[in-house]
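Visitor: I am new to this structure and would love a close look at one part. Could you pick a single helix and walk me through its two sides?
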Amino acid sequence: MSKLVKKYFSFSIGSYFAAVINIFLVPVLTWLILPDELGKSSMFILAHKILLTIMLMGLDASFMRVFYEKDDLTQKAIIFKAINYSVVLLLLTFIISVNFYKEITSYLFENYSLKVFIMLFVAVLFSIIYRYVFLVLRMQQKGIHCSILNFVQALLNTSIAIFLTMFVSKSYDSIVIAYILSIFGSMLTGFYFSRKYWISLLKNFRKIHISFKNLFLYGLPFIPSQILYFVFESTDKIFIRSLCSFEDLGIYSVGFKIVGALKIIQTTFQTFWIPVAFEKFEKEDNKYFYKKVANLMTFIMFFFAYMVVFSKNIIIKIISAEYSNAVFVIPFLLLVPVMNILSEITVVGINFAKKTYWHVVITLIVLIVNIVSNYIFIKAYGIWGASISIGFSYIVFFILRSHIADKYYKYGINWIKIYSSVLLFIATCILDYSGFKYQQIIPFVVFVFIYKNEIIDNFKKIKKVVRG
């Protein structure tokens, strides 16, 4: 387990630094840019992520799926062809959609702009390439390099955004440019770290032969679920854009950015977990290992979530008064990274059994739940309703993934502990919104008591590592 912890920290250390940088960026931006402009920048990022998912066509999943199964030349064939196909599709999409740029940008940003439309496609182009550059390092389990890339992206995004909003323009353009340049900078850094791999690929690309059909079939099971998942993730922002205002969307986005510290832990864990989980299954099939990880991550994620909720009064003091309502959406938004990480651990049964069609079914069900709940709660409670809806939807997401996966691969997970933790945290969210400041501590104390054995066990291990 100590080797696993070291490997996790190699993947996560850069993300923790990135989280600190992002925590610094959020309050600064609230003082430099108005909520409606921040809302527009969040729509750009949303459009970028959806377009990127479509352009990748699941081919990135093809690469991950065969990395440990195929020889080096086949890997390079897949990654070379995948980038080509995605870039060609992106170019065709641009040629067709540029005729409608006024309608598209008017919906996204209220005013039409060819410049921003072009920037959207440039961002996707950089992201396609960066996705595969990062995946090479990730699948090679080069945790330190992955950490550095996360850190570089956060540092570039923060420094450029602050510079542009202070000295150039206090509009969403500045946030968008910083976002694009941070992707580009991380991409170049990633190329440097994996230069031997890419040089070898360029030298051998004439020997590379793989049909689009075979490549597409590898990733086909992942395409519907990926698209549905990103629509699911985007529904709250789309409904806020339609039923509320850009100002509300900006305030809601700040809430998400504050939760971003835990989202970064989520992303880092996923980067580390997927290759490790498959490797452990292929070589050892140690069910106790998955149970141990599930218990540990449940405690860690909920503990950090409680700490964020208890820091609400500090957050109010450091952000601009125009964004003060953001603190009310934070508690339920915390369920997004928490339930997402836990579901990544409990869903392994579906992945090991290669029953990937369940990902489509589950995401479709949760998407329907999310659409209905967003419409009801946002109309009734505005952005707070959006946070309730997305939090509730991720609980449903976790339940479906976990119990379907458990049919294929049982490893004795303690469901009572996990569901008790979820219910206790929901109680904390309700108490927080209702203004019961001191009563919030009661669910937290009960939660700590439930996980007392894990706390003691891991404290001993940390003490042992520190002593060498």
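Guide: Ile442 and Phe449 are exposed, on the other side of helix H21 from its buried residues; exposed means over 50% relative accessible area, buried under 20%, and partly exposed in between, with a 1.4 Å probe and protein chains only. Helix H21 itself covers residues 441-450; helices here are DSSP runs of H or I with at least four residues, strands are runs of E with at least two, and both are numbered from the N terminus. Please keep in mind that this is a predicted model, where local features need pLDDT of at least 70, side-chain atom pairs count only at pLDDT 80 or more, and totals for chains, interfaces and linings use all residues. Residues are numbered from 1 along each chain as its sequence is written, and side-chain values use heavy atoms, leaving out hydrogens and water.

Now turn to the buried side, where you will find Pro443, Phe444 and Phe447. They sit on the same side of H21 because they cover an arc of only 100 degrees around the axis, the arc being that of the directions from the helix axis to the C-beta atoms. An α-helix has 3.6 residues a turn, so residues three or four places apart point the same way.

And what do the buried residues of H21 pack against? Their partners are helix H13 (287-310) and helix H20 (415-433), with contact meaning heavy atoms within 4.5 Å. To sum up, Pro443, Phe444 and Phe447 are buried, whereas Ile442 and Phe449 are exposed on the other side.

For a buried residue in another helix, try serine 387, which is in helix H19 (residues 383-408). Serine 387 counts as buried because its relative accessibility is 0%.
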